[in-house]
Amino acid sequence: MPAPPQIPLSVVAALALITPPSGELSATADLITELDTERFYGMVRLQWTIFVRARPDLLPAAWPLLQPWLGADRPDQAMIVAARRVAHAALDAGQLHLTGTPRRRDTDVFGPLLVALRADGARVTAGQFYTPGPIADVLAAGLTTCAQPGQTVIDPAIGTGGLFRAAAQTLRAGGIDPASMVWIDADIDAVAVACAAVNAVLWELGPTVALVVGDTLTDDWQTVAIAQRREILQIADRLHGAAFAADVLGTVARLVDAASTARAGRARRT
Ligand SMILES: C[S@@+](CC[C@H](N)C(=O)[O-])C[C@H]1O[C@@H](n2cnc3c(N)ncnc32)[C@H](O)[C@@H]1O
């Protein structure tokens, strides 16, 4: 049985959330490639844990990508091995040279990937043909001419977010920080919405992104999106600190420990 699209998407997303230090893109890619299966699993979990801690508001939307790594059950070993192969392929293809740099704001890595991973029939049925970047840029230029900070940008069929990427870049070019806007969006496809949630972070859309899975032919989808965001932020406030911090700090400590041991081993050999 083929792996569900969220496994490769979640790996590419976890890698996309890494911002290597300047001038260390290749070194970072090498470091990740050298991780054994267990450390690779820890690294991906760490990326997603940091994501949740930084953006609890996007947790429900992003959950299909987080679930394999942070869900109650550890994924089986074959899945982790396959995911590690995906990471190697993405790193070999130079992913960090795109997503690890400001060029990430110009790209939707997930749209083409999701389309490629979906069987043709399912894609056609769902009408999933994402707007190509250059066309999205032209549309955004027309739609954002009179935009002001604080205004709301809405896409009721967001897909992986291509139109938002174009809108954000057009706003930047016009001197408006996209983080000053309110972004409200939805799609009926939960995996596409999860990709859009990660893209919202990669594209720096700012703190006010209400993103929901649902049928936007209903009247109240925007109210639902805003209410869901408010509710998760209230829960995150109550949970603040304890569980997330323990997980992040524990994983960081283990990775630092492993990296120091590996470094010491290399130093001894030279
Ligand atoms: C042609 S794509 C456009 C995606 C994106 N706006 C873009 O320009 O790249 C149409 C999207 O509408 C979504 N969709 C179809 N019916 C929907 C519905 N009733 N409610 C919400 N989303 C829907 C599909 O899942 C798909 O992602």
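**A sheet, its helices and a ligand shell**

Helix α10 lies across strands β1 and β2, and its direction makes an angle of about 155° with that of β1. A similar description can be given for α11, which lies across β2 and β3 and runs at about 165° to β3. These arrangements come from a predicted model, and they offer a good place to begin a tour of the chain.

The chain has 13 helices and three strands. Of its 270 residues, 35% count as buried. Contacts across the sequence are also informative: among those between residues at least 6 apart, 81% join residues that are at least 24 apart.

The three strands form an open sheet with the order β1-β2-β3 and parallel pairing. Strands β1 (152-155) and β3 (209-213) stand at the edges with a single partner strand each, so one side of each has no neighbour in the sheet. On average, neighbouring strands of this sheet are turned by 10° against each other, direction ignored. In general, the strands of a sheet pair through backbone hydrogen bonds, either parallel or antiparallel. Here, β2 and β3 pair in the parallel sense over five bridges, and W183 stands opposite V209 in β3.

The ligand comes next. It is surrounded by 20 residues, of which Y130, T131, A157, G159 and G162 are the closest. Two elements, α10 (162-173) and β2 (182-187), each supply at least two residues of this shell. Sorted by class, the shell has ten nonpolar, six polar and four charged residues.

Which residues are buried in helix α7? In this helix, which spans residues 110-117, they are F110, G111 and L114. These three residues are on the same side of α7, because they cover an arc of only 100° around the axis. The general background is that an α-helix has 3.6 residues a turn, so residues three or four places apart point the same way. The cover over the buried residues of α7 includes α1 (6-16), α10 and α11 (190-202). Helix α10 thus appears in several parts of this description: it lies across β1 and β2, it supplies residues to the ligand shell, and it helps to cover the buried residues of α7.

The loop between α11 and β3 holds E204. Most residues other than glycine have a negative phi. For E204, however, phi is near 55°, a positive value in a residue other than glycine. Is E204 buried, exposed or partly exposed? With 14 other C-beta atoms within 10 Å, E204 is partly exposed, because the count falls between the limits of 12 or fewer for exposed and 20 or more for buried.

Two further residues link distant parts of the sequence. H97 lies in helix α6 (residues 95-99) and is partly exposed, with 14 other C-beta atoms within 10 Å. H97 and E24 are 73 residues apart in sequence, while their C-alpha atoms are 9.8 Å apart in space. T28 belongs to helix α2 (residues 25-34), and T28 is partly exposed too, with 17 other C-beta atoms within 10 Å. From T28 to L91 there are 63 residues in sequence and 9.6 Å in space, C-alpha to C-alpha. Not counting residues up to four places away in sequence, T28 touches I18, P20 and L96.

How values were computed:
Residues are numbered from 1 along each chain as its sequence is written. This is a predicted model: local features need pLDDT of at least 70, side-chain atom pairs count only at pLDDT 80 or more; totals for chains, interfaces and linings use all residues. A residue is near a molecule or strand if its C-beta atom, placed from the backbone, lies within 6 Å of it. Helices (H or I, at least four residues) and strands (E, at least two) are DSSP runs, numbered from the N terminus. Ala, Val, Leu, Ile, Met, Phe, Trp, Tyr, Cys and Pro count as nonpolar, Asp, Glu, Lys and Arg as charged, and the others, Gly among them, as polar. The arc is that of the directions from the helix axis to the C-beta atoms. Two residues are in contact if their C-beta atoms, placed from the backbone, lie within 7 Å. Two strands pair if DSSP finds at least two bridges between them. Axes are lines fitted to C-alpha atoms, for helices over the stretch in contact, and angles run from 0 to 180 degrees between N-to-C directions.
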